[in-house]
Amino acid sequence: MTTRRSVITAAAASALTGGEATAQTAKDDPKETIAILGTGRVGNGIGRHWVAAGHTVTFGSRTPTTEKAEELARIFGRKVPVTGLKEAVAAAAIILLAVPYRVARETLASLGDLTGKILIDPTNAPASPNNSYPLPYNPTWSAAEEIQSWAPGSKVVKALNHINYMVMANPKMGQGPVTITICGDDADAKARVARLITQSGLEAVDVGPLIGARLIEALAKLFSAYRYTHPDMTFEVHLRTRPNDLGPVQTRPSR
Ligand SMILES: NC(=O)c1ccc[n+]([C@@H]2O[C@H](COP(=O)([O-])OP(=O)(O)OC[C@H]3O[C@@H](n4cnc5c(N)ncnc54)[C@H](OP(=O)(O)O)[C@@H]3O)[C@@H](O)[C@H]2O)c1
């Protein structure tokens, strides 16, 4: 019997099998070793592009069953290892934390020392306990900064939180360019995550240090707010960047 948590839902599986994997790679693009923690919608949605791009991808699961491995193989068109969480991160340089925010702390605690590893954080803390509107917003807090404090030594990059998993899986569904804003305190980590995003058929825009996650996470709330007030509509984030002809920036980030 198939349970809700043993594999992704039927609806998600059908959305995920619908799109085609994008692999926008150049011949000399470096290959990464990636652990995707969580075999749900986001892990599947973005993971397919990274597998297609030739990266070494391992899924980490609380329950790495044959059933999950078969489900992934069906979606990706080829076998991808599904192991325990700790085993998946052991050989990985890059980790995608594709689990619910509410279990991020315990998940990270189970992994051991992540020093030096790049930790991609796509999480969104629940907007409100009862899905009510207006959505609560705390401008002095972000999940990403908390996650950094729970995994000291890792290089957290906030990314992929303000896009629906179906558009992740199939960027053409966005009907135009889709921007993923990213931020983090390590320039090399951000560049490598930006490359993975580009290879997935999406556009990455780096908005600075990790404190910017407060704004990036607010973008996801904007997405929810719009869908709440316009039930028949949705939108994609697309930043049309251009050279600065507005003069010097007046403010600088501070903690
Ligand atoms: N859904 C979206 O469109 C979307 C978009 C952007 C960002 N996000 C964020 O990305 C993260 C993953 O979202 P998702 O939609 O992929 O979630 P999901 O479909 O529910 O999958 C989450 C996965 O996390 C693992 N997990 C570990 N502990 C868990 C627990 N106690 N309860 C449930 N699952 C647990 C499970 O994998 P195993 O059973 O294999 O351990 C599960 O499949 C979340 O933080 C979410 O806020 C979601």
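**Burial and contacts in a predicted protein–ligand model**

Gly153 is exposed, with 11 other C-beta atoms within 10 Å, where a residue counts as exposed if 12 or fewer other C-beta atoms lie within 10 Å of its own, as buried if there are 20 or more, and as partly exposed in between, the C-beta atoms being placed from the backbone. The model is a predicted one, in which local features need pLDDT of at least 70 and side-chain atom pairs count only at pLDDT 80 or more, whereas totals for chains, interfaces and linings use all residues. Residues are numbered from 1 along each chain as its sequence is written.

Gly153 lies in the loop that runs between helix H6 (143-150) and strand E6 (155-158); helices (H or I, at least four residues) and strands (E, at least two) are DSSP runs numbered from the N terminus. When neighbours within four places in sequence are left aside, Gly153 is in contact with Asp113, Leu114, Thr115 and Gly116, a contact being a pair of residues whose C-beta atoms, placed from the backbone, lie within 7 Å. Gly153 and Lys117, although 36 residues apart in sequence, are 7.8 Å apart in space from C-alpha to C-alpha.

For the protein chain, the secondary structure comes to nine helices and eight strands, and 40% of the 255 residues count as buried. Among contacts between residues at least 6 apart in sequence, 74% join residues at least 24 apart.

In helix H3 (residues 66-76), the buried residues are Glu71, Leu72, Ile75 and Phe76. These residues lie on the same side of H3, because they cover an arc of only 120° around the axis, the arc being that of the directions from the helix axis to the C-beta atoms. An α-helix has 3.6 residues a turn, so residues three or four places apart point the same way. The exposed residues Thr66 and Arg74 are carried on the face of H3 turned away from its buried side, and just after H3, Gly77 takes a positive phi of about 80°.

The largest nonpolar core, a set of buried Ala, Val, Leu, Ile, Met, Phe, Trp, Tyr and Cys residues joined through C-beta atoms within 7 Å, has 59 residues, of which Leu37, Ile95, Leu97, Ile120 and Val193 touch the most other members. Helix H2 gives the most to this core, with five residues. Helix H2 (residues 41-52) also provides the largest share of the shell around the ligand, three residues.

How values were computed. Two residues are in contact if their C-beta atoms, placed from the backbone, lie within 7 Å.
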